[in-house]
Amino acid sequence: MKIRYDRPVSHAATWSYRFGLFAFALFAISAGLHRFGFMQSDVFTALFLLCTGLAALAFLLACHGMVRLWMVGARGGRASAKACLLSICVLIPAGIVGFRIVTLPQLYEVSTNTEDVPAFLDPVSRPVNWTTDFEAPDTQPFAGQVEAYPQVTGRRYEGALDRVLEAVRLVADNSGIRITATKLPDPVVLEPEPSEEDAVDETPSVAIIEVDDGDDLPLDPDDENLAGVEETIEPIIIVPVQVLLQGEARSVITGLASDVSIRLSEEAETTFVDMRSVSRFGPHDLGANAEIITAFLAALDAELVGLSVR
């Protein structure tokens, strides 16, 4: 007589696979739609939190199914294994996000120069949504940036402004940064030289002072011979030539949008490049703005190889 064993069925394993499959499918579809700009960031964030909760539940149910399989031989081992793989595909990105939230400072704006921040040509708006309540106060907008992102610094190149500007445009196009506004230096207007009559009329009156050969130069300002002579020398103010570019960028993986400002300053036969990146959504950029700036400047260094001095 044959003995037939009736194995119990683990319902937890069955439901773990269902939850895991639904969480993975919802996460993949929503992430793809958000990456290519078909879904708003606040909607994607809400769906991502939902997928994380379902994946965590699926993983716990799968673990329970594995325990039932080991203890009483309950059916559902394959379903539990599949649920573990599907849930891990969602929990790993969630774990990376949580790690960055804990370890990185709560910033949504990063700049290579925190004292003299590059300006935006067009107004930058951050929409108000349910994540606004989690934003930190703006008392210190760049608090903790230097310690967290020491690599975010400006670059100086031994090259003319037009040469560096051409490289910046090329790197921006290759990096996926869409330039939306540009401010070039104002042209220098040369006034016509005055005619001889105007020169005679506008010639300032001067005092002729006889100086003996034995007098030392320069003359003492307190000398009686200099009475009534006013100082006419004016200080020379040198204004650096600057170029501003504003663009839009998206992070490679998450697709979060940021507004980027690039400033080029010509200083003593060199050109200094500053950058600023501001996220449009959320109280935390998860390090995306620093990655945008460092990747752009690294590509610019490669394009201008041999010209970088800092």
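## A walk through the predicted chain

Strands β4 and β5 make a hairpin in which six residues lie between the two strands, and G255 in that turn has a positive phi of about 80 degrees. Helices (H or I, at least four residues) and strands (E, at least two) are DSSP runs, numbered from the N terminus. This is a predicted model, in which local features need pLDDT of at least 70 and side-chain atom pairs count only at pLDDT 80 or more, while totals for chains, interfaces and linings use all residues. Residues are numbered from 1 along each chain as its sequence is written, and side-chain values use heavy atoms, with hydrogens and water left out.

The two strands of the hairpin run antiparallel and are joined by 10 bridges; two strands count as paired if DSSP finds at least two bridges between them. Within this pairing, G247 stands opposite V260 in β5. Strand β4 (residues 241-250) also runs antiparallel to strand β3 (residues 178-183), with five bridges between them. Here T182 faces L245 of β4.

The chain as a whole has seven helices and six strands. Along the sequence their order is α-α-α-β-α-β-α-β-α-β-β-β-α. Of its 310 residues, 33% count as buried, meaning under 20% relative accessible area, with exposed being over 50% and partly exposed in between (1.4 Å probe, protein chains only).

Near the start of the sequence, F24 lies in helix α1. F24 counts as partly exposed because its relative accessibility is 30%. Its C-alpha atom is 9.1 Å from that of L54, with 30 residues separating the two along the chain.

The surface also carries patches, made of residues with over 30% relative accessible area and no salt bridge; like charges are joined within 9 Å, and nonpolar side chains (Val, Leu, Ile, Met, Phe, Trp, Tyr) within 5 Å. A salt bridge is a side-chain nitrogen of Lys or Arg within 4 Å of a carboxyl oxygen of Asp or Glu. One nonpolar patch consists of I29, L33, F36 and F38, with about 500 Å² of accessible area together, by the Shrake-Rupley method with a 1.4 Å probe, where for residues only the protein chains shown count as cover. F38 sits in the loop between α1 (11-35) and α2 (41-72), and F38 is exposed because its relative accessible area is 69%.

A negative patch is formed by D162, E166, E266, E269 and E303. Asp and Glu count as negative, and the charge is placed at CG of Asp or CD of Glu. E269 belongs to the loop between β5 (257-267) and β6 (270-279); with 74% relative accessibility, E269 counts as exposed.
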